Amino acid sequence: MTNNDVLRSVRYILDLSDAKMVAVLALAGSEVSVEEMRAFMKKEEDEGYRPCPDIVMGLFLNGLIFSLRGKSEDSPTPSVERKMNNNIILKKLRIAFNLKTTDIPDILNRADFAVSQAEIGAIFRTPGHKNYRECGDQILRNFLKGMKLKLRPAATKA
């Protein structure tokens, strides 16, 4: 999935305006204008589309964690990865939405996508671990779909 796809999905799940999306980024110390955010929200074929850089995606996810869970002076600020992948995105979304690893299969089941707890555990392992597994686009896409169904059930039926 592209960073733009993830941004659009999170925006829909939480029903955020362009200004609120910019405010979430600001929580992580990023300065993105509303116009830039609108360009990230467009589809590739639309005029004015701009791909969302990995650094902006990382800052957005950190800002989302601060927005949904609060910024704690006791815990360290999450790192900002220069290169994003689906594993990092899923991990940061899990943190932001305050989910346990055991919640992920239930959310995927909402999207009619079955996956075992062992597979989910492998996705959250450190790269290089013998049981590490890359998170494919299908898992991330269905996770976001499951979150839509969980948090906006009425809107997804319309």
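Reader: I'll start in the middle of the fold: what covers the buried residues of α5?
Author: Quick ground rules: this is a predicted model, with local features needing pLDDT of at least 70 and side-chain atom pairs counting only at pLDDT 80 or more, while totals for chains, interfaces and linings use all residues. Residues are numbered from 1 along each chain as its sequence is written, and side-chain values use heavy atoms, leaving out hydrogens and water. Helices here are DSSP runs of H or I with at least four residues (strands: E, at least two), numbered from the N terminus, buried is under 20% relative accessible area, exposed over 50% and partly exposed in between, with a 1.4 Å probe and protein chains only, and contact is heavy atoms within 4.5 Å. The cover over the buried residues of α5 includes α1, α4, α6, α7 and α8.

Reader: And how many of the residues of α5 are buried?
Author: The buried set includes aliphatic names such as Ile88, Ile89 and Leu90, but Lys92 and Arg94 are in it too. Overall α5 is mostly covered, and out of its eleven residues the buried count is nine.

Reader: How many residues of α4 are buried?
Author: Among the buried ones are Asp54, Val56, Leu59, Phe60 and Asn62. They pack against α1, α2 (18-27), α3 and α5 (86-96). Out of 16 residues in α4, the number buried is twelve.

Reader: How far does α4 reach from its first C-alpha to its last?
Author: Take residues 54-69, 16 in number. The expected span is 1.5 Å times one less than the number of residues. For α4 that expectation is 22 Å, and the helix comes close to it, reaching 22 Å.

Reader: Which residue with a positive phi follows α4?
Author: The phi in question is near 90°. The residue that follows α4 with that value is Gly70.

Reader: At what angle do α1 and α3 pack?
Author: Two packed helices are described by the angle between their axes and the distance between the axes. The axes are lines fitted to C-alpha atoms, for helices over the stretch in contact, and angles run from 0 to 180 degrees between N-to-C directions. Helix α1 (residues 3-14) and helix α3 (residues 34-41) have axes 8 Å apart and pack at about 105°.

Reader: Why are α1 and α3 called roughly perpendicular, and which residues of α3 are in that contact?
Author: Angles of 65 to 115 degrees count as roughly perpendicular, with under 35 roughly parallel, over 145 roughly antiparallel and the rest oblique, so α1 and α3 get that label. On the α1 side, the contact uses Asn4, Leu7, Arg8 and Arg11. Across from them in α3 sit Ala39, Phe40 and Met41.

Reader: How many nonpolar residues does the contact of α6 with α8 have?
Author: The axes of α6 (residues 103-110) and α8 (residues 137-151) come within 7 Å and cross at roughly 80°, which makes them roughly perpendicular. Ile104, Ile107, Leu108 and Arg110 in α6 meet a set in α8 that includes Ile139, Phe143 and Met147. Ala, Val, Leu, Ile, Met, Phe, Trp, Tyr, Cys and Pro count as nonpolar, Asp, Glu, Lys and Arg as charged, and the others, Gly among them, as polar. The split is two charged, two polar and, for nonpolar, seven.

Reader: How far is the sulfur of Cys52 from the nearest cysteine sulfur?
Author: A disulfide would be a pair of cysteine sulfur atoms within 2.5 Å, and a search of the whole structure finds zero. Cys52 is buried at 7%, and Cys135 is buried as well, at 6%. The nearest cysteine sulfur to that of Cys52 belongs to Cys135, at 18 Å.

Reader: What does Ser9 touch beyond its sequence neighbours?
Author: Ser9 is part of α1, and at 11% relative accessibility Ser9 counts as buried. Setting aside residues within four places in sequence, the contacts of Ser9 are Leu144 and Lys148.

Reader: How far apart in space are Ala122 and Arg133?
Author: Ala122 is in α7 (residues 117-123) and is buried, at 9%. Beyond four places in sequence, Ala122 touches Asn131, Tyr132 and Arg133. Ala122 and Arg133 are eleven residues apart in sequence, yet C-alpha to C-alpha the distance is 5.2 Å.

Reader: Where is Asn98, with its positive phi?
Author: Asn98 isn't a glycine, but its phi is about 55°. At 52% relative accessibility Asn98 counts as exposed. Asn98 lies in the loop between α5 and α6.
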